[in-house]
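Colleague: Please take me through the largest pocket and the ligands placed there. Which residues surround ligand 1 and ligand 2, and which side chains touch them?

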Amino acid sequence: MSAAEGPLVVGVDSSTQSTKALVVDAATGQVVASGHAPHTVSSGSRRESDPRRWWDALCEALRQCGDAAHEAAAVSIGGQQHGLVTLDDRGEPVRPALLWNDVRSAPQARRLTEELGGAKFWAERTGLVPAASFTVTKWAWLAENEPEAARATKAVRLPHDYLTERLTGLGTTDRGDASGTGWWASGTEAYDEEILARVELDPALLPRVVRPGEVAGTVRGRHDLPLAEGTLVAPGTGDNAAAALGLGLRPGMPVMSLGTSGTVYAVSRHRPADPSGTVAGFADARGDWLPLACTLNCTLAVDRVAALLGLDREAVEPGTGVTLLPYLDGERTPNLPHASGLLHGLRHDTTAGQLLQAAYDGAVHSLLGALDLVLDEDADPSAPLLLIGGGARGRAWQETVRRLSGRPVQIPEARELVALGAAAQAAGLLTGEDPAAVARRWNTTAGPVLDAVERDEAALARIAGVVSDAAPLLERGTDTQ
Ligand SMILES: Nc1ncnc2c1ncn2[C@@H]1O[C@H](COP(=O)(O)OP(=O)(O)O)[C@@H](O)[C@H]1O
Ligand SMILES: O=C(CO)[C@@H](O)[C@H](O)COP(=O)(O)O
């Protein structure tokens, strides 16, 4: 037996690049065991993963946790948002999942917006303006491009739903992740039958939306996981909503997450509806809202620029004048799905380190442009920006965010905030507490605060100018896609 003070809970982050599992003492928040296993994502114009490998990675990460996982009383899965998982009548994937950063459904996004009431209609009805990331556009793409796969589909799931269902045998989701599909009406908090009919998706194929605090099921007997049969399974949620739980967010506390995706978000009591589409009006995993903006190009794009330059990712040098828009995967914020990377202002005396700094600046600029939009109007502008995700460990990321935001930047020492948030949700199931209150009790935001420095307005204006002047090039894309 472990020496924990309280019952043990398991929190899982099944994100784009890997699965991370934590076994946590529900009384103290202490991490007593952890595990990690990588995923594979297809390259080129496709961004797809086999959901069965997510399950294998979950098994591997939990095995690394040893006996502690077996002792856990509850488990919760946080997962990358929006991915389209299509299952056949045996519950097996019909094809690999189409991930949030696969931009092939951009034409379907445009068409759905135009054909069904325009951007304002969509924003007010679902909180979202269709973009290639959202599940509804992926289903429309599948129906158009692979009709046999669409016909063979007997269940549609999101990544966290798929894993939760393999634990419990029950098709469930939660309001946080459902709100990123495009077929969930945020006003009524129910599946939107008109939108589903438009994309010819039978609502019977969708999972039941479990309420916050409700038990999704229990771990069933026949599986290859080191979890005991009968372990309680919490609703789970999307990874950003899980991190919001993990930070115990209250309205007015802004977050920037630097991972495969870059995101900025805050909790709000008001249901968001941004017809510009910059802010997605997600629900959180409690009963509030999670306005969020997301970029497709963050740590992987900057690491790629460092590799091309033959530099360590920290080998930045300050510079002026050179601008690098790191839109290697197309981009979502700004909405330029066909864009590629763009360099402007190169001179004889530009150094490799300055080019690398320009890539960081370009990635952070896209996110900061949306920061004020995700915060309520009365939010304190001097509140520290909470910096999380793998990139938050990097000095160059920290300093770039500090210089371009002009805010204090707080870096929680807790590393895996998505998995911790899932663990807090599982703990809440046992104690009846609000999961965000559990995380506050665990003091998960504790960590160094970098003081605010004067915002580098010149760099922000220069980058915005290049984005605007290069619009025709960025919209057109390249013929190598
Ligand atoms: N010490 C570090 N400094 C800067 N970046 C880092 C560091 N450690 C990890 N990363 C970046 O973090 C990324 C992974 O972040 P993570 O939040 O785990 O991604 P995801 O949740 O999307 O799978 C990697 O792409 C890597 O570039
Ligand atoms: O699409 C979004 C948010 O809308 C992404 O944030 C995904 O949820 C993937 O997250 P990471 O794997 O990068 O954490």
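Modeller: Here is a walk through the pocket, one ligand at a time. Keep in mind that this is a predicted model.

Start with ligand 1. It sits in the largest pocket. The shell around ligand 1 has 15 residues. Those that come nearest are Ser15, Lys20, Thr260, Asp303 and Gly390. Two of these residues also make side-chain polar contacts. The side chain of Ser15 places an N or O atom 2.8 Å from an oxygen atom of ligand 1. For Lys20, the corresponding distance to an oxygen atom of ligand 1 is 2.7 Å. Arg313 adds a polar side-chain atom 3.4 Å from a ligand 1 oxygen. How much of ligand 1 does the protein bury? Alone, ligand 1 exposes 580 Å², and 77% of that is buried by the protein.

Now the make-up of that shell. By class, ten residues around ligand 1 are polar, four are charged and one is nonpolar. Helix α11, residues 299-309, gives the most to this shell, with three residues.

Arg313 also falls within a recorded region. An unreviewed UniProt entry lists residues 312-427 as "domain: Carbohydrate kinase FGGY C-terminal". In the model, that span is 37% helix and 10% strand. Its end C-alpha atoms lie 40 Å apart.

Turn to ligand 2. Here too the shell has 15 residues. The closest are Thr16, His82, Asp239, Ser261 and Arg332. His82 has a polar side-chain atom 2.7 Å from an oxygen atom of ligand 2. In the side chain of Asn240, an N or O atom is 3.0 Å from a ligand 2 oxygen. The side chain of Arg332 also has an N or O atom 2.7 Å from an oxygen of ligand 2. On its own, ligand 2 has 380 Å² of accessible area, and the protein covers 94% of it.

Which pocket does ligand 2 take up? The space it occupies is the largest pocket. Two elements give two or more residues to its shell: α10 (239-246) and β19 (289-295). By class, the shell around ligand 2 has nine polar, four nonpolar and two charged residues.

To recap, both ligands are assigned to the largest pocket. The protein buries 77% of the area of ligand 1, and it covers 94% of the area of ligand 2. Side-chain polar contacts to ligand 1 include those from Ser15, Lys20 and Arg313. Those to ligand 2 include His82, Asn240 and Arg332.

Technical notes:
Residues numbered from 1 in each chain as written. Chains lettered and ligands numbered in written order. Predicted model: local features only at pLDDT ≥ 70, side-chain atom pairs only at ≥ 80, totals over all residues. Heavy atoms only, no water. Near = heavy atom within 4 Å. Polar contact = N/O pair within 3.5 Å; in protein donor to acceptor, adjacent residues only side chain to side chain. Areas by Shrake-Rupley, 256 points an atom, 1.4 Å probe, with all protein chains shown as cover. 1 Å grid on protein atoms, 1.4 Å probe; cavity = no way out; pocket = protein on both sides within 12 Å on 5 of 7 lines; lining within 4 Å. Sits in = over half its atoms within 2 Å of the grid points. Helix = DSSP H or I, 4+ residues; strand = E, 2+ residues; numbered from the N terminus. Nonpolar A, V, L, I, M, F, W, Y, C, P; charged D, E, K, R; others polar. UniProt positions renumbered as here; feature names shortened; annotations may be inferred.
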